Amino acid sequence: MTYPVDVAPIREDETFDRERVAAYLHANLPDVGDRPITFLQFPGGKANLTYLARVGDDLELVLRRPPLGPVAPGSHDMAREYSVLARLWEVFPKAPRAYLLCTDEEVMGKPFFVMERRRGIVIREAWPPGFGDETRRRTAVDLVDTLAALHLVDYESLGLADLGRPEGFVARQVAGWTKRWHLAKEHDLAAMDELGSYLEANVPEPQRAVLLHNDFKLDNTMVRVDGTLEAVFDWDMATLGDPLVDLGTALAYWADPDDATFLIFGDSVVSLSPYLSRDDVAARYAGRTGFDVSTLDFYVALAMYRLTVIIQQIYIRYVRGQTRDERFAGLGAVVPALAEAGLAGVT
């Protein structure tokens with residue numbers, strides 16, 4: 001089995017001044033030298049824009065920048081992502097190494113950073129051909145083990161102790177995502193109001209501070225042909241906080257067949273639950289980390305609330321004409337269904 005082609009020509013509305021970016025890379029990355037650079041796009045993501053820079057015949061680099069249009073405060077933070085990836089690769093091999101951060105918006109239109117190219121498969125809407133049950137189970141297990149390994153990283157030794165403020169992190173998450181909801185919504189939604197009120201009133205006491213990916217799910221990873229993980233991507237929301245935030249996020253997408261979210265996600269994401277149930281995920285994670293998972297329902301509900309907001313943020317960019325990507329046109333119908341599913345998990 002070979003890896004599929006994962007790049008395409010750059011979408012017209014997501015292009016940039018290629019000569020200016022190439023000149024910047026020539027001037028700031030010694031390995032680039034004066035060799036010609038061509039640019040392509042990784043077209044699969046729905047938020048940050050990711051491009052491939054081919055340098056001569058033997059070097060490929062990845063460039064990441066925020067999406068078009070205004071972005072929510074604190075989101076799509078390229079400097080944050082760079083600061084994590086410039087260090088984490090040393091002890092966590094599934095983190096790609098970052099080489100360069102550009103904060104001059106005149107170069108590409110927004111801040112961007114440059115990182116190493118990894119090769120593998122990003123699994124989004126269907127299992128790759130040749131992935132049988134054993135390989136799929138290996139992917140599910142390695143997702144859990146990778147998350148556990150991340151949460152056991154000594155972030156202080158990497159110089160990342162100033163990445164976030166663990167005290168009160170979850171309460172700030174609830175308040176922050178509630179604010180983002182009100183900024184992005186088209187109209188009031190009773191389920192979101194009720195779920196937000198539940199989250200505000202039931203914040204658990206954290207058991208430990210860890211390095212959080214803060215958006216940990218299958219399609220933010222790259223998988224090898226044997227089913228194990230090659231890399232974890234999309235670190236722009238990484239921070240320090242309660243480890244169950246990451247586990248709750250993973251389980252919000254994991255959905256067992258009898259969960260409401262299974263029906264919502266069924267045609268648009270790969271289901272992992274036939275190969276490892278949510279209960280099995282929680283037990284395996286707890287066994288590898290020693291963390292208490294008894295309050296996990298709260299964190300899954302928080303993840304569902306956050307996911308609903310993220311989908312609404314993507315959709316509203318389309319409604320407001322900030323992107324013309326037609327993949328986003330149908331997301332408005334998903335928002336109320338996600339909100340109801342999140343509320344159902346705690347009522």
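**Overall architecture, helix H5 and the surroundings of strand S9**

Of the 347 residues of the protein, 53% count as buried in this model, which is a predicted one. The secondary structure comprises 11 helices and 9 strands. The radius of gyration is 20 Å, close to the 20 Å given by the globule rule for 347 residues, so the protein is as compact as a globular protein of that length. Along the principal axes, the C-alpha atoms occupy a box of roughly 60 × 45 × 40 Å. Among the contacts with a separation of 6 or more, 72% are made by residues 24 or more positions apart. The exposed surface of the protein comes to about 15,400 Å², of which carbon and sulfur atoms supply 50%.

The largest nonpolar core contains 96 residues, and those with the most contacts inside it are Leu 88, Trp 235, Leu 247, Trp 254 and Tyr 285. Helix H10, spanning residues 296–319, makes the greatest contribution to this core, with 15 residues. Apart from this core lies another, of 23 residues, which includes Leu 29, Val 32, Leu 61 and Leu 100. The environment of Trp 254, one of the residues with the most contacts inside the largest core, can be described in further detail. When residues up to four places away in sequence are not counted, Trp 254 touches Ala 140, Leu 143 and Val 144, together with Leu 272, Ser 273, Leu 276, Ser 277, Arg 278 and Val 281.

Helix H5 is formed by the 16 residues 169–184 and reaches 22 Å from its first C-alpha to its last, close to the 22 Å expected at 1.5 Å a residue. Its buried residues are Phe 169, Val 170, Gln 173, Val 174, Trp 177, Arg 180, Trp 181 and Ala 184. Seen down the helix axis, these buried residues fall within an arc of 140°, so they line one face of H5. This arrangement may be set beside the general geometry of the α-helix, in which there are 3.6 residues a turn, so that residues three or four places apart point the same way. The face of H5 turned away from the buried side carries the exposed residues Lys 179 and Leu 183. The cover over the buried residues of H5 includes helices H6 (190–201), H7 (244–254), H10 and H11 (334–344), as well as strands S6 (210–212) and S9 (239–241).

Within strand S9 lies Thr 239, which counts as buried because its relative accessibility is 9%, under the 20% cut-off. With its neighbours within four places in sequence left aside, Thr 239 is in contact with Arg 80, Leu 163, Gly 164, Phe 169, Val 210, Leu 211, Leu 212 and Asn 214. Of these contacts, Phe 169 is also one of the buried residues of H5, whereas Asn 214 lies in the loop between S6 and strand S7 (221–223). Asn 214 has a relative accessibility of 4% and therefore counts as buried, and its phi is positive, at about 80°, although the residue is not a glycine.

A positive phi is likewise found at Asp 234, a residue other than glycine, where the value is near 60°. Asp 234 is placed in the loop between strand S8 (229–232) and S9. With a relative accessible area of 21%, Asp 234 is partly exposed, while Asn 214, at 4% relative accessibility, counts as buried.

Technical notes: Residues numbered from 1 in each chain as written. Predicted model: local features only at pLDDT ≥ 70, side-chain atom pairs only at ≥ 80, totals over all residues. Heavy atoms only, no water. Core = buried A, V, L, I, M, F, W, Y, C linked by side-chain atoms within 4.5 Å. Buried < 20%, exposed > 50% of the residue type's maximum accessible area, 1.4 Å probe, protein only. Helix = DSSP H or I, 4+ residues; strand = E, 2+ residues; numbered from the N terminus. Contact = heavy atoms within 4.5 Å. Expected span 1.5 Å × (residues − 1). Arc of directions from axis to C-beta. Rg over C-alpha atoms; globule rule 2.2 N^0.38 Å. Areas by Shrake-Rupley, 256 points an atom, 1.4 Å probe, with all protein chains shown as cover.
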